[in-house]
Amino acid sequence: MAADQPSASSRPRRTPLAGAFRVSAALSRTFKRTAQTTTTFRFRRIARRPSAPAFWMDIVPLLRKAPAPAAVAPEDRERYWLLVLEAKDIPRALFGKKETLRLYVPPVATLAAAHEILAFEQERPEAPLPVQAAKPMAYWVIALIAALALWHRVRWGGSVWPGLPTDPQEWLALGGLDAYRVKAASEWWRCFTALTLHADEGHLLGNIITGSLFCLPLCLRVGPGAGFLLTVLGGALGNAATTLFRPASFLSQGFSTAVFAAVGLLAAVAACHAFQHTLSVARAVAPRTANTGAGLHKAVKKALFAAALPLGAGLGLLAMLGGSDAPRVDYLAHCLGLFCGAGLGLLSGGLAPGLFRLRGAADALLQTACLLAALGLLAFSWMKALG
């Protein structure tokens with residue numbers, strides 16, 4: 001006799017909710033057993049090829065071998081890659097960022113794409129020159145140049161000290177740039193004293209304004225003391241050179257020769273900075289090739305071109321400001337002042353570039369010594385002229 005079978009009406013009824021509870025209980029038991037046997041979980045990242053044709057090739061490894069151009073920010077480099085490939089109408093597909101970056105191109109265009117991108121980066125201009133930190137107390141040079149007004153107030157209004165000349169023409173006879181006396185009598189101090197004499201108020205005011213415009217950026221680079229000393233020396237050398245090309249009857253006065261000496265000094269200091277920076281960048285980017293004959297020649301040629309730009313700017317300022325139709329403007333003295341200042345700047349910037357980079361107490365000592373030397377030269381020259 002067959003066993004009793006439960007009828008359909010007496011069997012437990014399975015509902016969707018009961019099945020969900022059973023699945024949840026099974027998963028809970030599974031996680032508990034896993035937690036008892038495994039204490040750490042390691043997740044593996046699955047790298048998938050992006051949605052590019054399977055036969056395309058990644059050229060990023062080829063581009064990474066070349067040094068990054070200094071003029072392009074690292075975050076903008078990939079954008080320039082796409083612009084170059086778009087300009088050359090090369091199919092491309094860029095995926096990822098930074099370390100996971102992928103740039104896919106067709107196999108037939110792999111070498112062409114890499115060549116175009118690398119050629120573009122090599123043709124990019126170099127990074128701008130780093131801005132040098134401004135020297136402290138540089139604005140005091142404006143006060144030194146403006147002191148010429150006080151000096152001329154005493155000279156034109158009559159001397160308050162006994163024994164000094166009271167007529168401006170007497171001052172000109174004693175301290176003016178007399179070509180005959182400089183060459184025949186070796187009165188070298190006239191090259192310095194002539195810088196402190198002016199014909200009238202307009203002549204004085206023009207030299208104070210232009211002198212401040214060009215001496216201030218020079219002193220911001222090299223310091224107020226060194227800048228003022230180099231300006232005075234450049235102006236005196238320009239006056240001495242002027243007497244060699246003028247007749248014996250030549251007589252002049254004014255600070256304009258020193259003003260253009262400051263222009264030449266500023267151009268020369270900027271040229272030295274550009275030359276040294278460009279050469280150091282070339283050696284840092286390609287240290288092996290920069291030390292060879294061809295590489296060194298290329299680096300020096302590039303550095304000389306960078307140094308020629310500030311010197312060309314100085315010549316441009318001479319052409320704009322140095323010449324005039326006025327009868328009392330000495331264009332030759334302006335030219336020689338510029339050339340003497342540039343030569344003095346190249347000599348000091350080339351032989352002792354570290355002096356302009358001093359900071360702190362050493363720089364303060366240097367600036368004080370240079371300022372005292374400049375004022376001492378002017379004072380000693382007038383003592384010779386008046387004695």
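Is Cys215 buried or exposed? Cys215 is buried, with a relative accessible area of 2%. Keep that residue in mind for one of the views below. Everything shown here comes from a predicted model.

**View 1. The whole chain, for orientation.** Before zooming in, here's the overall picture. The protein chain has 387 residues, and 36% of them count as buried. Its secondary structure adds up to 15 helices and five strands. Take the contacts between residues at least 6 apart in sequence: 75% of these link residues at least 24 apart. The accessible surface is about 23,600 Å², with carbon and sulfur atoms accounting for 66% of that area.

**View 2. The largest nonpolar core, with its 42 residues.** The members that touch the most other members are Val141, Leu177, Leu218, Val222, Phe228 and Phe255. Plenty of helices chip in: H5 (140–156), H7 (179–184), H8 (190–193), H9 (201–222), H10 (224–244), H11 (256–285), H14 (331–351) and H15 (361–386) each bring at least two residues to this core. H9 gives the most, with eight residues.

**View 3. Leu218 and the residues around it.** Skip the neighbours within four places in sequence, and Leu218 is in contact with Gly223, Gly227, Thr231, Ala262, Leu265, Leu266 and Val269. Leu218 is also one of the core residues that touch the most other members.

**View 4. A separate core.** Apart from the largest core lies another one, made of 14 residues. Among them are Leu63, Leu101, Ala109 and Ile117.

**View 5. Ser256 and its polar partner.** Ser256 sits in helix H11. With a relative accessible area of 15%, Ser256 falls under the 20% cut-off, so it counts as buried. What does this serine touch, leaving out residues up to four places away in sequence? Ser256 touches Asn207 and His334. With His334 there's a polar contact between the side chains, at 3.1 Å.

**View 6. Cysteines without a disulfide.** Back to Cys215, the buried residue from the opening. A disulfide is a covalent bond between the sulfur atoms of two cysteines. Why doesn't Cys215 form a bond with Cys219? The closest cysteine sulfur to that of Cys215 is in Cys219, but the two are 6.0 Å apart, too far for a bond. The cut-off here is 2.5 Å. A search of the whole structure turns up zero disulfides. Cys335 is another buried cysteine, with a relative accessible area of 14%.

**View 7. An aromatic cluster of Trp188, Trp189, Phe192 and Phe380.** A search of the whole structure finds four aromatic pairs. In one of them, the rings of Trp188 and Trp189 have their centres 5.9 Å apart; their planes are at 75°, so this pair is edge-to-face. Trp188 also pairs with Phe192, again edge-to-face, at 6.2 Å centre to centre and with 90° between the planes. How covered are these residues? Trp188 counts as partly exposed, at 37% relative accessibility, while Trp189 is buried at 14% relative accessible area. Phe192 is buried too, with a relative accessible area of 10%.

Definitions and conventions. Residues numbered from 1 in each chain as written. Predicted model: local features only at pLDDT ≥ 70, side-chain atom pairs only at ≥ 80, totals over all residues. Heavy atoms only, no water. Helix = DSSP H or I, 4+ residues; strand = E, 2+ residues; numbered from the N terminus. Buried < 20%, exposed > 50% of the residue type's maximum accessible area, 1.4 Å probe, protein only. Contact = heavy atoms within 4.5 Å. Areas by Shrake-Rupley, 256 points an atom, 1.4 Å probe, with all protein chains shown as cover. Core = buried A, V, L, I, M, F, W, Y, C linked by side-chain atoms within 4.5 Å. Polar contact = N/O pair within 3.5 Å; in protein donor to acceptor, adjacent residues only side chain to side chain. Phe/Tyr/Trp six-rings, centres within 6.5 Å; stacked < 30°, edge-to-face > 60°.
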